[in-house]
Structures are given as C-alpha cells and as structure tokens.
Amino acid sequence: MTNPRNATTGKGGKRLYTWRDEAYWSVTTILSGGIPKPALLPWGIKMVAEGAVEFCDQLPAMVAADRDGAIRYLKGLPYAKRDKAADLGTLVHEAAEAHALGKPTPPCDEQVQPYLDSFALFLEDFEPEIIATEASVYHRTEHYAGTLDMIARLTLPDGESGVYVIDAKSGKAVYPEVALQLSAYRNAEFIGLPDGSEELMPPTDGALALHLTPAGYRLIEVRTDDDVFRSFLYAREVFRWQSE
C-alpha cells in the first residue's frame, strides 16, 4: 500500500502529513482512533479463521517449520485484506485521474477490473466534470489533512446540479463515518499542490459516496453540514487524548 503525497505511515498504521515543516494527522487516522468500531474485532477474527480454514492443509507444515512465523502470518491476514482494499482505491484514483486528463485507463488484474468497469459506468451515466483528483487537502487551523478521491461537477438523478466532494468505496458497505470523513474534506482550508504552492479549497455544494461493487455502483448523498463537521472535531479530540 502506497502513501499519498506528503504522507508517511508509522507504527500502528497512523498516518501523518507534512506540509511546510508542519505535521498534520490524517483524517482517516483520526477516525480510526476517535470513533468506536465494534464490528472491527469480529471482522478481524473472521479473517483469521477463514485463512486458517483455507490453508488448513499447509498449516501443520508451517507450524512445524516456524511456529512464530505461522502465527505472524495468521495475525497479518486482516491487514493484508485491508491493504488490498486500499490498493483497489488507489487504482480507482488513477482511473479517475486518467479520465480527467483524457488518458487511457491504466491496466489492472482480473479481480480489480469489475470495480473499474463499475466506475466507468458511473462516468458514462453522470459525465462528471472532474475538477480535482487525489488532492491532498489541509486544515491549518484545526491541524488535519487528507487525500480526497475527487471533486467534480455533476447533475444528480433528482436534477440537482452542483460541485461535490466524492469518495469511492469498494467494501461490502458504506458506513456512517464516511460523513465525518467527507465533512473534514469539504471544510479543508487549502489544497497542497505538487509544486509546494497552496490553492484555496473550492466551494462545494455537498458530498457523495460512490459505492463500487463488481455488479455496479450506488451514488449516495452524504450529510456533511456543520453539525457533522463538529462531530468530526469531537472525534479528533478523542484521538488526540488517546495519542497524547
């Protein structure tokens, strides 16, 4: 899994952005540490159990050869699954950027292609005018940063047109904390450009979650008003307390 520009990932998966010698905690790291995730532990246990069953024939030999190594392998399965999802997200970003620049979609493997096909269907259906992709955004006052998938102008099925922050999700579901994530992006103060300059975050009319599956996609309007942004800042304070 690669880091976004100006970001480093430390021990425990905590990501930190550096901009002009200032450090900013990433939005996703804040949400990971500041929002309870009761479903995460059962999911991790399930990943390990499924891995043990899938490789039950090989496990005795693995344990005999290197017991500690076998344990590390099983413990690492949830993280491998997480990183695979992150890699898929990176490919979607690259496809969006290629679309915005009029370039061919980059090649990918058979498992990823159905998701990119769904993304291509979204582009065909909505013909979004993509303003920015994979932009690193910063809030100097509130001291956070993140990398949004895209900012685009499009018309929703109800006829409402506007500029939206869009986040692509490729998991089994879209979870409520996406509202906190997108509210943080919408309220960012500036975009950090590759040449080191800053550009004001453009005004946006709302936020959308693009849920990609091998069978198609859903475009979900996400509430990102002041109350939701305030909740994100509360989550950041919980994360800060845990960290400090």
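Modeller: Before we begin, a term: buried means under 20% relative accessible area, exposed means over 50%, and partly exposed lies in between, with a 1.4 Å probe and protein chains only. This is a predicted model, in which local features need pLDDT of at least 70 and side-chain atom pairs count only at pLDDT 80 or more, while totals for chains, interfaces and linings use all residues. Residues are numbered from 1 along each chain as its sequence is written, and side-chain values use heavy atoms, with hydrogens and water left out.

Biologist: How many salt bridges are there?

Modeller: The count comes to 13 salt bridges, a salt bridge being a side-chain nitrogen of Lys or Arg within 4 Å of a carboxyl oxygen of Asp or Glu.

Biologist: Which residue forms a salt bridge with Arg 153?

Modeller: Glu 129 does, and the closest N and O atoms are 3.6 Å apart. The pair links distant parts of the chain, with Arg 153 in strand S5 and Glu 129 in strand S4 (residues 129-139), 24 residues apart. Helices (H or I, at least four residues) and strands (E, at least two) are DSSP runs, numbered from the N terminus.

Biologist: Is Arg 153 buried, partly exposed or exposed?

Modeller: Arg 153 is partly exposed, because its relative accessible area is 42%. Glu 129 is partly exposed too, at 47%.

Biologist: Where do Arg 240 and Glu 237 lie?

Modeller: Both lie in helix H7, three residues apart, about one turn of the helix. Their side chains meet in a salt bridge of 3.1 Å, N to O. An α-helix has 3.6 residues a turn, so residues three or four places apart point the same way. Arg 240 is partly exposed, with a relative accessible area of 33%, and Glu 237 is partly exposed at 34%.

Biologist: Which residues are linked in a network of salt bridges?

Modeller: Arg 20, Glu 22, Arg 140 and Glu 198 are linked in that way.

Biologist: Changing topic, is Val 163 buried or exposed?

Modeller: Val 163 is buried, because its relative accessible area is 7%. Its place is in strand S6 (residues 161-169).

Biologist: What does Val 163 touch?

Modeller: Not counting residues up to four places away in sequence, Val 163 touches several residues, including Ile 131, Ile 151, Arg 153 and Pro 203. Contact means heavy atoms within 4.5 Å.

Biologist: And helix H1: which residues are buried there?

Modeller: In helix H1 (residues 27-34), Val 27, Thr 29, Ile 30, Leu 31 and Gly 34 are buried. What covers them includes strand S2 (15-19), strand S3 (22-26) and helix H7 (226-243).
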